[in-house]
Amino acid sequence: MTLQRAAIIGVGQSAYTRRPAPGQSTHTFIRDAVVAALRDAEVDARDVHGMAVASFSLAPDTAVDLAWKLGLSLRWLLQDTNGGSSAMNMLGHALRGIESGAADVILVVGGDATGLGGYGKIAANYNIATRDHLAPLGHGGPNGVYALVTSRQMKKYGLEKSDYGHIAIAQRAWAAKNPFAVYRTPLTMDEYLAAPMVADPLSRYDCVPVIAGAQAIVLAHPARVPRGRAAVGVRAHRASFNYDNQAGDGLQTGISTFASDLWQAAGVAPRDVDVASIYDDYPSMVLAQLDDLGMIQDHDLARFCRRDIGERRWRINTWGGMLSAGQPGGPAGGLNAISEAVLQLQHRAGERQVANARLAVATGYGMTMYRYGGTAAAAILERIE
C-alpha cells in the first residue's frame with residue numbers, strides 16, 4: 001500500500017474566557033473552533049471524513065454525538081482521554097489516518113468549559129487512585145502533586161524560585177502579543193515573587209489558570225493547503241504511556257524514553273529547532289520536557305532559565321503558553337501548542353513571528369495518575385514550501 005503524505009493545513013480556536021457567559025458551553029466553544037479551523041483551511045464541512053476529539057466535559061455526549069451536532073458524516077472517528085497528551089496522541093492517529101487513506105481530511109478538536117467548580121470535581125475524581133487515596137487528604141488537585149515534583153527539581157538542580165519566574169515572565173511577554181490570551185499584562189519578577197502561595201513552592205503564576213475554550217486543527221494532503229500558504233508536515237512523532245509505573249521521582253517524563261529516536265527519525269537535532277511549543281501546566285514540567293528532549297545544555301536547568309530564557313528570550317511557547325493564554329482543559333491546551341507551531345512555520349504569527357522559522361518541536365504531557373504525569377508525546381514539525 002502506498003502511503004499518502006499528511007500535513008496540517010489549517011488551525012482555529014474559539015474565544016478564551018475565565019467565566020463562560022450564559023449560553024456558552026463545551027459544545028459551543030468546540031463549534032466555534034471547528035468553524036474557525038475549517039474556514040482557515042478553506043475546507044467545506046462536507047469534505048471532512050474524519051474527526052478526533054478530546055474533552056473532559058463533553059459527557060454525556062461522545063465523539064459520535066459531536067459529529068451529529070456538527071453535521072459531519074464520517075468514516076474515521078476517535079475520542080482520546082489522555083489529558084495533556086491528548087492533542088499529540090490525536091495528531092499521531094490523524095497522521096496515520098490520512099497516510100493510510102482512511103480519510104482525506106481529518107478534523108482534530110479539543111475543548112472544555114468546566115468552570116472552577118467543575119474542574120475541582122474532575123481533579124478529585126481523576127482516577128481511582130486519586131479519588132480513594134489523594135482527594136481524602138485534601139491534596140488540592142494537581143497543584144499539590146506538582147509542588148512536590150518542583151521541590152525535588154529545585155533540590156536536584158540547584159534552582160531558585162526566581163528561575164521559574166523567568167519562564168512565567170517570558171511567556172507573559174509573548175502573551176501580550178496574542179489577542180486570544182486571557183492574561184496579557186506584563187509580569188515583573190517582583191510581582192512573580194510576591195504572588196500568593198498556592199502549594200509551596202508553587203505560587204499563583206506557577207499554576208496554569210483553568211479557562212473555557214476550544215482549539216482545532218485540520219489535516220489533509222499538503223496539496224490541499226490554501227493558495228499562497230505553506231503546509232506544515234510532521235517529520236517525526238513519538239509517544240510514551242506509563243513509562244516508569246509511577247516509581248520514579250517525576251523529574252523525567254516519558255519523552256526521555258524516545259527522544260533520541262525522535263530526533264534520529266526526524267533527521268535533525270535539538271539545535272536546529274527554531275521554535276518550541278512545550279506543554280506548560282507548571283514551569284518545572286517545561287524544564288523537565290526540554291531536558292528530556294536534549295535541549296538544555298549539560299542538564300544545567302538554572303543556567304538555561306537565567307541565560308537562555310531570562311536574558312536571550314529563547315523562543316518557547318510564543319503564544320504565551322497555557323500559563324498566560326490559559327488552559328481550556330488539557331486536550332485543547334495541547335492543541336494550542338501545535339497550532340502555534342503551525343502559525344510560526346506558516347509565517348502567520350503576526351507580532352509573535354519568529355524570523356524564518358522552518359522547524360518546530362511540540363510536546364504533550366499529562367494524565368497525573370498518582371505522583372506525576374503518565375503520558376507524554378512529542379513531534380517535530382516542518383515548513384513545507
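P201 sits in the loop that links β5 (197-199) and β6 (202-203). In this predicted model, the peptide bond between D200 and P201 is cis, and its omega is about 10°.

A second proline deserves a look alongside P201. The bond that joins A59 to P60 is also a cis peptide bond, with omega at about 10°. You will find P60 in the loop between β2 (50-54) and α2 (63-70).

Here are the two cis bonds set out together.

| Cis peptide bond | Omega | Loop holding the proline |
|---|---|---|
| A59 to P60 | about 10° | between β2 (50-54) and α2 (63-70) |
| D200 to P201 | about 10° | between β5 (197-199) and β6 (202-203) |

Two further loop residues stand out for their backbone angles. Q246 is not a glycine, yet its phi is positive, near 60°. The loop that carries Q246 runs between β8 (231-241) and α9 (259-266). Is Q246 buried or exposed? Buried means a relative accessible area under 20%, and Q246 has 13%, so it counts as buried.

H347 is the other residue to visit here. Its phi is positive as well, at about 60°, although H347 is not a glycine. H347 belongs to the loop between α13 (329-345) and β10. With a relative accessible area of 35%, H347 is partly exposed, because that class covers values between the 20% and 50% cut-offs.

Following the chain from that loop brings us to strand β10, which spans residues 359-368. How many of the residues of β10 are buried? The count is 10 of the 10, so the strand is largely enclosed by the rest of the structure.

Which strands pair with β10? One partner is β9 (residues 275-277), which runs parallel to β10 and is joined to it by 3 bridges. Within this pairing, V275 stands opposite A360 of β10.

Another partner is β11 (residues 373-384), and here the pairing is antiparallel, with 9 bridges. β10 and β11 make a hairpin, and 4 residues lie between the two strands.

A360 is a handy residue to keep in view while you turn the model, as it appears in both pairings: V275 is opposite A360, and L381 is the bridge partner of A360 in β11. Starting from A360, you can trace the parallel pairing to β9 and then the antiparallel pairing to β11.

How values were computed:
Residues numbered from 1 in each chain as written. Predicted model: local features only at pLDDT ≥ 70, side-chain atom pairs only at ≥ 80, totals over all residues. Heavy atoms only, no water. Buried < 20%, exposed > 50% of the residue type's maximum accessible area, 1.4 Å probe, protein only. Pairing = 2+ DSSP bridges.
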